[in-house]
Structure formats: C-alpha cells, structure tokens
Amino acid sequence: MHTFAELIIVFVILLDLALAVTGSLATCIRIAALQGVVAGLLPLLAGGHIETRTFLFAFAIIFLKGVVFPWLLLRARDRSGAGKEVETLISYPVSILLCIGAFIASSWLGSRLPLPTANVAWIVPASLATIFTGFLLITTRTKAITQVLGYLVIENGIYIFGLALFVEQPMMVELAILLDVFVAVFVMGIAIFHISREFDHIDTAELSELNDWRRPEDVK
Amino acid sequence: MTNALLLLPLGAGLLAFLIRNDGTRRLLLLYTAAGHFLLALLALYEGPSPVCSGSQPAPWFAYDALGLYFLVITSLVFLGAAFFAVKYLASEKRDPGEDSEAGFIFNNAPEAVFTGCLLFFLAAMTAVTASRHLGMLWAAVEATTLLSAPLIYFHRHKRSLEATWKYLLICSVGIALALMGNLFLGAAGLKSGAGLELDTLLLNAPSLAKPLLKAAFLFIFVGYGTKMGLAPFHTWLPDAHSESPAVVSALLSGALLNCAFLGILRAHNICVAAGLADFSAGILVLFGLLSIITAALFMLGQRDYKRMLAYSSIEHMGILALGAGLGGGALFGALLGALSHSLAKAGLFFTSGLVLMAEKTKRIADVKGLWRRAPRTALLWLAGFFLITGTPPSGIFLAKFLVLRRLVELGHYWLAVIYLFALGVLFTGMARVFIPMTFGEREGKEGEKPFTEPADMMLPIAAFFVCVILAGLFLPGWLQRLINAAAGNAGAL
C-alpha cells in the first residue's frame, strides 16, 4: 500500500499550495479539514496488522478534523460576520512562491536530517512544508479565523511529522494532545466571537492598542 | 497523594460551576487552595518518590525533588492568590470596573466561570509539576494556556481581549513547537527504546542519537521558552500581565512561568545526562542574558506600572535561564530565585491591584504621592520594589549574587559586566517609577472619595514579602537540602 500512502503525501503537499492561493474563507476551512482527514488516514495504510487502538484513534482524528473543526470554524465565521474573503497582507502569487520555496527548503532539510529511515518517500518534507504553510497563514492573513486555521494546519504538519518519526506515544498521551487541540480551537472560536462583538470585525491588524512605545493617549 | 493533589482542584473546579451563591463559591476557592497547600506540604514531608529502576513501567505522575519544589511554590502562590481573590471578587461585584483609559464602564465575566477556571488552572499546573512523561507534560502545559485564557479576559473590554487573543495564539503556536521537540526526542531514543518517559530517557541518555537530541532541545526550548517569556519570544507577556486582573497577573508570573521553566529544565537534564551539557547550557545562557538585556531596554520607557512589573518578570526569567545554564552555585541561585521571585512578584502584583483600586488608573504619570492616599499600600509598594530589584537582605539578592559569582568563577568577565550593567539599568528604571509613585507631589483630584485600605488583602502580600526576606537571611536546612536535590534533577553536573 506504500504507493497509496505516497499519493496521499503528494496530495497533502498540493493542499498546502491550495491553502496558499485560496481566497474563499469557507474553501480554506474545508481544505484544511480535508488535509486533516487524509493525514488521519495515513496510519491505516502502514500495512500489516492494524491494532484496534490505531483504528479507533484514526477514527477519532478524522472525525474531529473532518467534521467537528470545520463545523466550529464555519459557525464562528457566520456568527462573527467575518465575510467570505480571506484578507491577506501579501499577494497570492507571493504566497505560492513562498510556499514552493518552503517546500524546496524542506526537501533539502528532510534529506539532511539524520532520521530513522522513513519508508514513505517525501513524508518529512511534506510535514515541514505543511508546518510552514500554517505559519504563512498565521502571519500574512489578517482575520482572526485564518489564524486559527493556520494553527490547525501546523497541527496537521506536526501530526504527519510524528508519523514520519514512528514515535509511539501511549494512547492516553495521544488523547490528551487531541483534547488540547480540540479545546484550543473551541476557546479560540469563542474568542473570535467576542472579538467580533467588541470590535465589530475580526481583523487582527486592529488588535494593536497594546504596545510599549506609543499609546493612544500620547498620540492625541 | 499525587492523585489527591490532582483531583482536589479538578473536583472543586467542577463544583464551582454548579454553586449559585457567590459567598459559598469564594469559600470553596479558599478551602481548596488551603487543602491543596496542605497536601503539597504532606507530599514534601513524604519526600520524593524513588527513582524507577527500569524493571517496572514508570508511573506518569510522580514527584521528584524538582517537581516537588515547584509544586510547593505553585501551591503557596495560589493560596495567597485565593486569599486575595475572595476580597477582590467581592469588591469587583460591588464596584464594577471603569476603564482607566477609555473611561467607560465594562462588565466582568461571570464569577462562577472565573473561579472554575482558576481551580482548573491549578489542577493543570499541578499536573505539569507531577508529569514524568514528557508527552503528558506537554499536554498539561498546553492545558494551562487554554485554562488561563478566560482568566485574562475577566474584565471584558477591548484591551484585555486583545491581550487574550495574543496570549492564546502565540503560546499555542509556541507550544506546538515543543510538541515537535518531543517528537524529535522520541526519535532520538528510538534505537534504545527510551520512549518519552523521563526515567527511561535518563537511563538511556548516553545512547540517544545526539543530533536529534540537539534538535529536540532547540524545539522544546523555543516552545516552553515562549511560555516562560524569554526574549525574543516574550511578546505576549507584557500584554497579558498588564490587562488581566491582579490575582491572575500574580498567578501567571508567580506560578505559570515557573511551570514552563520546569519543562525546559527537564529537557536540559536529559541533555546533561547525554553529555550535551555544553550545547544546552550555552543556549540557556545566551537567551537568559538576552532576556535580561531586553527587559532592561524596555524598562526605561514604561508608562504603565503593570507592564513594568511584567518586564521585571522577563528579567527574572532571564536570570533563571542564565543560572540554570551556568550550573553549579548559579543553578542553586536560579532555583532559589524561582521561589523568591514568585513570592515577591505575586506580592507586587497584588499590591498593584490595590494601587489600581485606590487610584483607578494604571498610568504611572497619573499616580503620585501614593503614601498620602494609601500609606500602607505605599509601604508595601516600596518594600516590593526593594525586594524585586535584589536589595539585600532578600532571596532575590542571594540568587542574583550566586549567578554573578558563578560568572566570575567561570571567567566570563565580560558577561558579568553586561549582567551587572543590565541589572543596574533595571534598578534605575524601576526606581524612576516606584519613587515618584510613592513620594511624588500629590495632585488632588476633584470629587475623590477617601480610600479605605482592605487589611485582609494586604495580609498575603506582607506574608510573601517576609518569606522573601527570610530566604535571604537564613535558609532552613530542609529547604537547602530540597533545593540541592532539585538541582540534581535539573542538570547539575
């Protein structure tokens, strides 16, 4: 089944590029969800005997990332009146160039890292590129909701990275991590709702009142 | 014992959501804090649990000396905070806040949610101190972020919301990097089957893959360093500390930052055991010094006295990192500094809450001659200034001195000069704030009601300050032994 797993890895990379160029918020949320789902499928394709706990855990991840998170985020988008557009600080061509650049850098880094031999090609570069895409979303998109999305994409990347390294964590720890991510998205969703109510928008560029050198009362 | 320590605040937190009566809920907070402290003392009396030999699976939650030390600090700070919070919440109820800068009235978050999150926050911090499995430690640290975010947003206005958002996002992303670090660490021990349990990792340390271990330490350092507020990852810290209520600022500074430091110390300990002491110590020294210098630079332009205290926290976190990196006597100093800083800073943040109640503003320029309006608060404010800047006798002076002595001992004269210079700048910068605030010429404001100082809110402050002074005068033998044992768990060579 390795060819299939490799196809998935290629798919994950393509989704990274899609995230970098998509202008619709709803589509972005769905792409990130899709990425989470295909990444959740990976452990089931490892071949050989699949334990029940692996199966259950993969199911939990797919359910959370594919159903719960997009639902929460779309709901936050609607209730906060976030609008349909992803607003960016840099143009889409620049975004995709950065993304491709990151992929080339990750491939180089992946070949240099002294990791235990990965049996699926490209898995390390794909995970690093995904993490970078998440950072790109956080730093260059202005809406609060895209920053949560970026956090989720980083999480996807780290999850794939964990698969690449074959680090087995006990079930309890995996569940605790998953619970944390879930609560994080949940709390951030509530925060977005409050931001939209207090500021009448969720543009984080406006969240700049707190700083050290220039306070509003000094400008006046 | 460990289970009781974890379950008590967890259960009380759940209960806090159900109780309708404010008075009962405040008592619950106080009794839980007291019970938790008693349990922590009992755990201290029992001593650290024996090190796992590797024959049987290591437990995920158990206390070594280092965990025990940080548990006691956390519990003590929380007890003081609970004591302060009871009166604080009552006064907030009577007199809802007025925004000091924009001048409008804002609401507070429901008290049940606040108290519940406070107790859950304690449970999460207890889990951090008890974790023997690094994956569990990560999950617990992330939980502290999520549970404290609603606490920062207690006063519901724009600025606290902005602070909450920055805190949530920067810390969550930062801690995600620590998860990468954990994965690298797991990969480093893959051949020897070390897993992510602290005991097995330490046992198999020499056979860990070195390059991967280095990568692991870097990621864990950046991740938990963000949470600890080390420069240049500190950007969330001044915002969160200045906008949250006094109780929460005290807990963030006095308890939470230590928990993140514990995460870094665990990773450092593994590096030392694996023979990479120079590598991890170098990074700790570099970023420790950078934090002290950054704090010194930003101290000079401060206009908000709570932000100023936040920068002083960054300074002390820098000293802790520096001390841990230098090892030897400096590590002892760093651990003693963790205790003294927690108590002194928590006391100062409580006092800042009283100042805010008396003056209704956080702007330094608008507070002058505090001693005329609130003499006892002014006295505590001034005492706190001398303690936090390390004027002898105090535990902080001892800590700073031990770090300096170690710098000279190792022959890092230039670093010692930079260190002393930065501390001097910090002292001057803070004196420029504290002295006029306390003694300046008071401008009478129209229609100002006289301010009655709540004596029972000052009790925990005074108690904490006395403890800090005592720590500088003489250390009881049991505490010295505990710190020495804790230093053994924190990568002492």
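Me: How many residues does each chain put into the contact between chain A and chain B?
Reply: Two residues are in contact if their C-beta atoms, placed from the backbone, lie within 7 Å. Here, 35 residues come from chain B and 36 residues from chain A. Keep in mind that this is a predicted model, where local features need pLDDT of at least 70, side-chain atom pairs count only at pLDDT 80 or more, and totals for chains, interfaces and linings use all residues. Residues are numbered from 1 along each chain as its sequence is written, while chains are lettered from A and ligands numbered from 1 in the order in which they are written.

Me: Which helix of chain B gives the largest share of the side that touches chain A?
Reply: Helices (H or I, at least four residues) are DSSP runs, numbered from the N terminus. In chain B, helix 6 gives the largest share, with 17 residues.

Me: And what kinds of residues are on that side of chain B?
Reply: Ala, Val, Leu, Ile, Met, Phe, Trp, Tyr, Cys and Pro count as nonpolar, Asp, Glu, Lys and Arg as charged, and the others, Gly among them, as polar. The side of chain B that touches chain A has 22 nonpolar, six polar and seven charged residues.

Me: At what angle do helix 6 of chain A and helix 6 of chain B pack?
Reply: Axes are lines fitted to C-alpha atoms, for helices over the stretch in contact, and angles run from 0 to 180 degrees between N-to-C directions. For these two helices the angle is about 5°, and their axes lie 10 Å apart. That makes helix 6 of chain A roughly parallel (an angle under 35 degrees) to helix 6 of chain B. Among the residues that meet there are A:Y151 and A:F161 from chain A, and B:W165 and B:M180 from chain B.

Me: Is helix 6 of chain B largely enclosed or open, and why?
Reply: A residue is buried if 20 or more other C-beta atoms lie within 10 Å of its own. In helix 6 of chain B, 30 of the 31 residues are buried, so the rest of the structure largely encloses this helix.

Me: Where is the kink in helix 3 of chain B centred?
Reply: The bend at a residue is the angle between axes fitted to the seven residues ending there and the seven starting there. Helix 3 of chain B has a kink of about 30°, centred on B:A85.

Me: Is B:R373 buried or exposed?
Reply: B:R373 counts as buried because it has 20 C-beta neighbours inside 10 Å. This residue sits in helix 14 of chain B. B:F451 is 78 residues away in sequence, but the C-alpha atoms of the two are 6.8 Å apart.

How values were computed. Buried ≥ 20, exposed ≤ 12 C-beta atoms within 10 Å, placed from the backbone. Parallel < 35°, antiparallel > 145°, perpendicular 65-115°, else oblique.
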